[in-house]
Amino acid sequence: MSGSGTRPQAGMVLPTRTTEEVRADRADVAVLPVGSFEQHGAFLPLVTDTVIACTVAGQIAAAYPVLQLPPVTVSCSHEHAAWPGTVSISAATLYAVVRDIADSLRRSGIRGLILVNGHGGNYVLRNIVQESAGTDFRMALFPGSADWETARTRAGVRTPSNSDMHAGELETSILLHAHPELVRPGHETSDWISDDRKHLLTLGMSAYTESGVVGRPSRASADKGRELLAGLVDCFAEYLSLVGAEKEA
C-alpha cells in the first residue's frame with residue numbers, strides 16, 4: 001500500500017519474484033486473483049475487478065507468507081454483455097483454468113490455494129473450492145460476504161451491500177485509494193439504485209441500469225478504500241491458518 005502522500009503506480013502491479021526468491025520464501029499457500037473484463041460505468045475501467053483482486057492479493061502477500069500469482073483477467077461476465085468491451089469465458093473454461101493452476105501448484109509442492117475473487121458473477125469458483133474439501137490440497141474463496149461486511153463496517157461504507165452492487169461506493173473507494181489515476185470524472189453524479197434484481201441472471205444488468213452502475217459511487221473516498229483493504233487483510237489470517245494447516249492423518 002502506498003504511504004500517505006505517495007501516488008500509486010498506474011495500473012496493476014504484477015508479482016515479479018524470481019524462482020530463487022520463491023524457493024527462499026518457502027510459502028506453502030498460493031493466492032490467485034480472479035478478476036473480470038466488464039463494464040463498470042463511464043468512470044471505472046473494464047479491468048476494475050481484476051485491479052481490485054490484484055490489489056487485495058498484493059496487500060495480502062505483503063502481510064503474510066504466501067505465493068502471489070498473476071491474475072485470471074477474463075471470467076464469467078455474461079450479465080454485462082449489453083455493454084461494449086465486456087468479454088467473457090464460460091464457467092466450464094474458468095473451472096478448467098483454475099483446476100489446472102491448482103494441479104500445477106500441487107505438483108510444485110504448494111499445499112493450498114486461496115482464490116481472491118473480484119467478480120461476484122464467478123459462481124463456479126465456489127464449486128471448485130467445494131470439491132477440494134477432504135482432499136490433500138486445501139482451497140478457499142476470499143473474501144466471503146462476512147469479510148466484506150467486516151471491511152465495510154470498518155471503512156464506514158454507508159450504502160448497504162445489496163444496493164452497492166456494481167461500480168458503487170465500495171469499488172470506487174478502493175480504486176480512489178489504490179489507483180486514483182484509473183478513476184475518470186463522473187462518479188460524483190452517477191448514483192443509481194436498483195435493489196430488486198430478481199431476474200438478473202436471466203435478463204442481465206441492462207434490465208436494471210442504463211449506465212451500468214448499481215450503487216452510490218458519489219459516497220466513495222480514498223480513505224474508505226484504504227480501510228476496506230486493511231479490513232480485508234486482517235480477515236485473511238483465518239483463511240491462511242485453515243488452508244495452510246497440516247492435514248490430520
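Which residues does Glu79 touch, not counting residues up to four places away in sequence? The legends below take up this question first, then move to the cores and the whole chain. The model is predicted.

**View 1. Glu79 and its contacts.** Glu79 touches His119, Gly121, Gly204 and Met205, leaving aside residues up to four places away in sequence. Glu79 sits in the loop between strand E2 (67-68) and helix H3 (91-107). Its relative accessible area is 15%, so Glu79 counts as buried, the cut-off being under 20%. Lys224 is 145 residues from Glu79 along the chain, and 28 Å separates the C-alpha atoms of the two.

**View 2. The largest nonpolar core.** This core has 36 residues. Val31, Val56, Ile60, Ile114, Phe142 and Phe236 touch the most other members. Three strands and four helices are named here as suppliers of at least two residues each: E1 (29-34), E3 (112-117) and E4 (138-142), with H2 (48-63), H5 (145-155), H6 (169-178) and H8 (222-243). Which helix gives the most to this core? H8 does, with nine residues.

**View 3. Val31 and its surroundings.** Residues up to four places away in sequence are again left out. Val31 touches Ala57 and Ile60. Val66, Leu67, Gln68 and Leu69 are also in contact with Val31. So are Leu113, Ile114 and Val116, and Phe236 completes the list. Of these partners, Ile60, Ile114 and Phe236 are, like Val31 itself, among the core members that touch the most others.

**View 4. A second core.** Another core lies apart from the largest one. This second core has 21 residues, including Ala30, Leu32, Val72 and Met139.

**View 5. The chain as a whole.** The protein chain has eight helices and four strands. From the N terminus on, the elements run α-β-α-β-α-β-α-β-α-α-α-α. The radius of gyration is 18 Å, which agrees with the value near 18 Å for a compact globule of 249 residues. Along the principal axes, the C-alpha atoms fill a box of roughly 55 × 45 × 30 Å. Of contacts with a separation of 6 or more, 78% join residues 24 or more positions apart.

**View 6. Burial, surface and charge.** Buried residues make up 49% of the 249 residues. The chain exposes about 12,000 Å², and carbon and sulfur atoms supply 52% of that area. There are 21 positive and 28 negative side chains. The centres of the two sets lie 2 Å apart.

Technical notes
Residues are numbered from 1 along each chain as its sequence is written. This is a predicted model: local features need pLDDT of at least 70, side-chain atom pairs count only at pLDDT 80 or more; totals for chains, interfaces and linings use all residues. Side-chain values use heavy atoms; hydrogens and water are left out. A nonpolar core is a set of buried Ala, Val, Leu, Ile, Met, Phe, Trp, Tyr and Cys residues joined through side-chain atoms within 4.5 Å. Buried means under 20% relative accessible area, exposed over 50%, partly exposed in between (1.4 Å probe, protein chains only). Contact means heavy atoms within 4.5 Å. The radius of gyration is taken over C-alpha atoms; the globule rule is 2.2 Å times the number of residues to the power 0.38. Accessible areas come from the Shrake-Rupley method with a 1.4 Å probe; for residues, only the protein chains shown count as cover. Lys and Arg count as positive and Asp and Glu as negative; His and the chain ends are not counted. The place of a charge is taken as NZ of Lys, CZ of Arg, CG of Asp or CD of Glu.
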